[in-house]
Amino acid sequence: MSDLLTVRARLAAPVETVRRALTDPAELRVWLAEHAEVDLPRRYEFWGRYTPEGDAPRQRLLHADERTLRFAWTLDGVETTTEFELTPEDGSTVLTLRQSHFSFEEAMSGSSIRGVLQTFWALAIANLNAHLEGRPLLPRTDFTSADLRGEVLIDAPMDKVWTSLTDSEQASAWFGFPIGIEPWVGGRYAMGGFDAGYAAKVVDLTPGRALSVDWGPTGVSTWELAESGGRTKLTFVQSGFDESNPPYAAWSGSVAGLAELRRFHEEANWQPIWLAEEMPSNA
């Protein structure tokens, strides 16, 4: 069974600017893909190492106007459909993404590359907003590599960043999903909160500096903090997984969350870009 995935985000630019970022190949190469070619209304293609099955362009343009962009995208032998809809709102833009053929089961098992679609688009949209805000982009997922590591600079003191990584209330706020954290070795790290069922385990912790969480089959996530010119450098690594089937979906989602961690610290009146998502429906 596949679902229609719907994601909504408020982006920091007017519709015309967002549409240009979505359709100008030079801009697409900045925030989305290694390679992109666009010739509306005939062609819309992107590919390369930052794109699932990106050895060749696999998109087919279906529709493009001033507010909507829709294309078919063949992944793992199945033609999916992706749609962007832009709605103006007080000088900003509400972007609605609709993606067909997404399966939570495939996301959890890694049985199909289509399982990355939710977090691939979350990271892409987070980087689109960073591009529009003039912030450095977060590392894009390299789908040709099993080396899952990256770093981000946050304009905040280390102690504040550490608290936001290890305090359940703050982590739940910037990640946009309940997280229960027991910040000690052997403690639980529970996505969905402590009552949600399965919880990962804290396996290493250096107070104020480093935290490692064991997720089982998807490996161990490690966050390390270091002072850097008055800012905090956060290095994050995923390790200990089956390198023949890297956990690209989990990794992309974790990296996407760090965009809001940075905004959480750097914006005086922080509000997340993400708006309430519609429940998936059968497709």
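## Asp-55 and Arg-58

Let's start with a close pair: the side chains of Asp-55 and Arg-58 form a salt bridge, with N and O 2.6 Å apart. This is a predicted model, so treat that distance as a computed value. Asp-55 is exposed at 64% relative accessibility, while its partner Arg-58 is partly exposed at 28%.

## Salt bridges elsewhere

How many salt bridges does a search of the whole structure find? The count comes to 23. Another one pairs Glu-27 with Arg-20, where the closest N and O atoms sit 3.5 Å apart. Is Glu-27 buried or exposed? Glu-27 counts as buried because its relative accessibility is 17%, and the cut-off for buried is under 20%. Arg-20, on the other side of the bridge, has 43% relative accessibility and counts as partly exposed.

## A charged network

Some of these contacts join up. Glu-133, Arg-135, Glu-260, Arg-263, Glu-266 and Glu-267 are all linked in a network of salt bridges. Within that group, Arg-263 and Glu-267 bring their side chains together in a salt bridge with an N to O distance of 3.3 Å.

The two partners also have their own accessibility labels. Arg-263 is buried, with a relative accessible area of just 7%. Glu-267 has 22% and is therefore partly exposed, given that buried means under 20% and exposed means over 50%.

## Backbone oddities

Now for the backbone. Most peptide bonds are trans, and most residues other than glycine have a negative phi. Where is the cis peptide bond with omega of about 5°? That bond joins Leu-40 and Pro-41. Pro-41 belongs to the loop that runs between strand 2 (35–39) and strand 3 (43–47).

Then there are a couple of positive phi values. Glu-53 isn't a glycine, yet its phi is positive at about 45°. You'll find Glu-53 in the loop between strand 3 and strand 4 (59–64), and at 29% relative accessibility this residue is partly exposed.

Asp-90 is another non-glycine residue with a positive phi, here about 55°. Asp-90 lies in the loop between strand 6 (78–89) and strand 7 (92–102). Is Asp-90 buried or exposed? With a relative accessible area of 82%, Asp-90 is exposed.

Definitions and conventions. Residues are numbered from 1 along each chain as its sequence is written. This is a predicted model: local features need pLDDT of at least 70, side-chain atom pairs count only at pLDDT 80 or more; totals for chains, interfaces and linings use all residues. Side-chain values use heavy atoms; hydrogens and water are left out. A salt bridge is a side-chain nitrogen of Lys or Arg within 4 Å of a carboxyl oxygen of Asp or Glu. Buried means under 20% relative accessible area, exposed over 50%, partly exposed in between (1.4 Å probe, protein chains only). Helices (H or I, at least four residues) and strands (E, at least two) are DSSP runs, numbered from the N terminus.
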